[in-house]
Amino acid sequence: MANKPKLIVANWKMNLGHEISKFLANDIAAGLLDYSFNNLKIIICPSFISLQEVNEIFKKSKLDINIGAQDVFWEAPGAYTGEISPIFLKEIGCHYVIIGHSERRFYLHETNNMINQKIKSALAEEITPILCVGETQEERKEGTVDHLIIGQIKDALEGVVFSPNQKIIIAYEPNWIIGTGQTLSPEEVARIVRLIKKYFTDHYSSEFVENSLMVIYGGSINSRNIKSFVQQEVIDGFGVGGASLKADEFIKIIKSV
Ligand code: PEP
């Protein structure tokens, strides 16, 4: 476990148009040129329309930065206006996808059942899902967090049997922390990460847990608070939203991890 590379997932959400996305990708690439990050994996998730060009920018820079999509649809290609198949993502070299982000659960009423179908369709193409789970502020006050998070994972993975080439990233992202500037204590985040890992240890092979699972934390991470979370070795990495939209700030986070 101790030698596992750390992971940073940048979620640009619907913040940036295509031109600005290219600028930001170029700025990040330029800022990291002389920096070697052997034990760190970076996934950047721009909007669908910028996936391909942002990927090209990182490929040209020779930096080992991958792209990820922010969503995917579960049906085979066909008459589904506005949707994107995992087959199309794979075709453009996109091997990761965020699924079940709290903003989609809230604004687009994504259910655990829809999330389950998305997970299955992504895995079928060997695209690694970044499954977001987490509680609302009310749920935290009610003290139902542990039960709720494990329930979200169980529902999302219902009927999923992982083959050796399939992996999963669980992103613990409490929705009351996302974009609010509030934070949970690093100790509490580490406790939740341990809880999630224990669930997988109890239900999946040790080989799967060691090689195919990562559990990361996201919620108002920035260059000032990142160091206290990095000290919690059990956290495999970080989801970064707002702080990934400025190259300087994002690079500081990368260097801290
Ligand atoms: C996110 O939405 O995945 C996220 C981590 O956002 P922020 O860092 O802005 O809280």
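**View 1. Gly241 meets the ligand through its backbone.** In this predicted model, a backbone N or O atom of Gly241 sits 2.8 Å from an oxygen atom of the ligand. Two other residues make a similar kind of approach: a backbone N or O atom of Gly179 lies 2.7 Å from a ligand oxygen, and for Ser220 the figure is 2.7 Å too, again from a backbone N or O atom to an oxygen of the ligand. Zoom out a little and you'll find 13 residues around the ligand, with Lys13, His101, Gly179, Ser220 and Gly241 coming nearest.

**View 2. Strand S8 and its two neighbours.** Here's S8, which covers residues 237–240. Gly237 and Gly239 point one way from the strand, while Phe238 and Val240 point the other way. Whichever way they point, all four are buried. Strand S1 (residues 6–11) runs parallel to S8, and four bridges join them; look for Leu7, whose bridge partner in S8 is Gly237. Strand S7 (residues 213–218) also pairs with S8 in the parallel sense, this time over three bridges. Tyr217 is the residue standing opposite Phe238 of S8.

**View 3. The largest pocket and what lines it.** This pocket has a volume of about 570 Å³. It's lined by 20 residues, and those closest to its centre are Lys13, Met14, Gln70, Glu103 and Arg104. Helix H4 (residues 102–107) gives the most to the lining, with five residues. As for the chemistry, the lining is a mix of eight nonpolar, seven polar and five charged residues. Lys13 may look familiar from View 1: it's also one of the residues that come nearest to the ligand.

Technical notes. Residues numbered from 1 in each chain as written. Predicted model: local features only at pLDDT ≥ 70, side-chain atom pairs only at ≥ 80, totals over all residues. Heavy atoms only, no water. Buried < 20%, exposed > 50% of the residue type's maximum accessible area, 1.4 Å probe, protein only. Helix = DSSP H or I, 4+ residues; strand = E, 2+ residues; numbered from the N terminus. Pairing = 2+ DSSP bridges. 1 Å grid on protein atoms, 1.4 Å probe; cavity = no way out; pocket = protein on both sides within 12 Å on 5 of 7 lines; lining within 4 Å. Points joined across faces, edges and corners; volume = space filled by probe spheres on them. Nonpolar A, V, L, I, M, F, W, Y, C, P; charged D, E, K, R; others polar. Near = heavy atom within 4 Å. Polar contact = N/O pair within 3.5 Å; in protein donor to acceptor, adjacent residues only side chain to side chain.
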